[in-house]
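User: Can you walk me through this one? I'd like to start with strand pairing.

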Number of protein chains: 2
Amino acid sequence: MNSETLFENIKKKKSFLCIGLDTDINKIPQSLLANQDPIFEFNKQIIDATHDLCVAYKPNTAFYEQLGAKGWLSLEKTVDYIKTKHPDIFLIADAKRGDIGNTCNMYAKAFFENMKFDAITVAPYMGEDSVKPFLTYKDKWVILLALTSNNSAKDFQFDNTETNLYEKVISKSKSWGTKDNLMYVVGATKAEMLEYIRKIIPDNFLLVPGIGAQGGSLSDVAKYGMNNKCGLLVNSSRSIIYADNTSDFATHSRKKVAELKTEMEKLLAEHIK
Amino acid sequence: MNSETLFENIKKKKSFLCIGLDTDINKIPQSLLANQDPIFEFNKQIIDATHDLCVAYKPNTAFYEQLGAKGWLSLEKTVDYIKTKHPDIFLIADAKRGDIGNTCNMYAKAFFENMKFDAITVAPYMGEDSVKPFLTYKDKWVILLALTSNNSAKDFQFDNTETNLYEKVISKSKSWGTKDNLMYVVGATKAEMLEYIRKIIPDNFLLVPGIGAQGGSLSDVAKYGMNNKCGLLVNSSRSIIYADNTSDFATHSRKKVAELKTEMEKLLAEHIK
């Protein structure tokens, strides 16, 4: 998928929402535990209830890995389900990988070939040769960590030195890919920094986590970060998928998603003429 | 395992070698492919042939993930095999994970509870709260990326600004753990920088990749990086495990390991009085 198709989907659905499938076996409704694969069953019901109101899903690999090979199987089934039923969905592996080139070739194979993800989140610490292997795949994306939503982002990413690390990361890496295969993670909890980031990368899409459970503001994100082709995927995970804990959880998730979608529709109308 | 036990093992075996189990289905001897689990069979034979000459093994997760759930199962079996047969081996998950705290709890569960790894490599980009969850486990270790062995380490880790990022990472993070649960990755390809790093962290163990296929020198690593309790785990992967491609591969791997062990024995005698 290229950036134009992604923007078309956003306009069609009037939503730039990404739903984080951070599915924790200890948090899903008890009623699902009798299923052979409770994690997949949970995801399936969330996907069935929300796919028309969002443009992307983002499973975080940690939640699947905590269950070992079995969890990995639930992830593979989830990816297959989304790509078969809803091929227009932009599917992100929130894996935050990053290793030497030889090793990143293996990660690329894992997420882009064996599983049909459209994108993977990558940590920039090891530099260009740790990122490039992912960019050799046509229509596949790297989403590079720039400014993350957690408190400790201040430890290294912006420490008020002359040039903050996150700025260096964005400035240096922007030529490694294009607006059609390189996106950046910028936390909603740092919305005011989006204005400055947009000066460095006016055209790249940004993946914005941190609204909902982490407290970021959606209208601030749109105000400072939206460009004339939207340029934003805003993610919410816990506040959507754990909106309710009964067997009727998916209906409650849809309600939560519909609220966000309504807000996003307004923001799109307001900012994109 | 604490640092004292690790040093005892090093003295006993006269080796500070870590063997990287970067087992690639496309590189192992053809003769193994008839096995039900060729990856595990390969690892088993390497382990049987080398365990008395090394103190640590380090599977890199990418090589297992490229095979999906099946690969994850091979990894689980490898971990079980090592921990059952050779409990004195220090077992490292080369996973280079790093995420918000809530998510890192899941990774810690995956690698320290479900699988019995002693240590995990972690990327520092997201800061303290992305590292701390791993440090809450007794006798388990974080091995934090500091100065990696790849060429692009220069992009962000040392870019000749006033304070290089790798120095900031080490200086800031050294108080997050102790010499008994916090180790650093420093590439052998940057051996001359070890002298300076030892001034910041005289006592922490260092995991040193990059000898062998990547070209780093073992004697330089010992010269600049060894402390009076060794303080080094030197890793080699490809040059050991792919020393030969016939059904007799394990014998050739042992020969390669024995050469390294002899060199290490000399260096230990030379540097530790």
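Analyst: Sure. This is a predicted model. S3(A) and strand S4 (residues 119–122) of chain A run parallel, joined by 3 bridges.

User: Which residue is the bridge partner of A:Arg97 in S4(A)?

Analyst: A:Val122.

User: How does the chain cross from S3(A) to S4(A)?

Analyst: Through helix H5 (residues 101–114) of chain A. This β-α-β crossover is right-handed.

User: And strand S2 of chain A, how many bridges join it to S3(A)?

Analyst: 2 bridges. S2 covers residues 56–59 and runs parallel to S3(A). A:Tyr57 stands opposite A:Leu91 of S3(A).

User: How many residues of S3 in chain A are buried?

Analyst: 8 of its 8, across residues 90–97.

User: Which residues lie on each side of S3(A)?

Analyst: One side has A:Phe90, A:Ile92, A:Asp94 and A:Lys96. The other has A:Leu91, A:Ala93, A:Ala95 and A:Arg97. Both faces are covered, and these residues are all buried.

User: Switching to the two chains. What turn lays chain B on chain A?

Analyst: A turn of 180°, with a shift of 0.0 Å along the axis. The RMSD is 0.0 Å. The two copies are thus related as by a two-fold rotation axis.

User: Which residue of chain B comes closest to that rotation axis?

Analyst: B:Ala69, with its C-alpha at 2.4 Å.

User: Why say the copies meet through the same surface?

Analyst: Because 100% of the interface residues of chain B are also interface residues in chain A.

Note on methods:
Residues are numbered from 1 along each chain as its sequence is written. Chains are lettered from A and ligands numbered from 1 in the order in which they are written. This is a predicted model: local features need pLDDT of at least 70, side-chain atom pairs count only at pLDDT 80 or more; totals for chains, interfaces and linings use all residues. Copies are superposed by least squares on the C-alpha atoms of residues with pLDDT of at least 70 in both. Two residues are in contact if their C-beta atoms, placed from the backbone, lie within 7 Å. A residue is buried if 20 or more other C-beta atoms lie within 10 Å of its own, exposed if 12 or fewer, and partly exposed in between; C-beta atoms are placed from the backbone. Helices (H or I, at least four residues) and strands (E, at least two) are DSSP runs, numbered from the N terminus. Two strands pair if DSSP finds at least two bridges between them. A crossover is right-handed if, with the strands pointing away from the viewer, the path from the first strand over the helix to the second runs clockwise.
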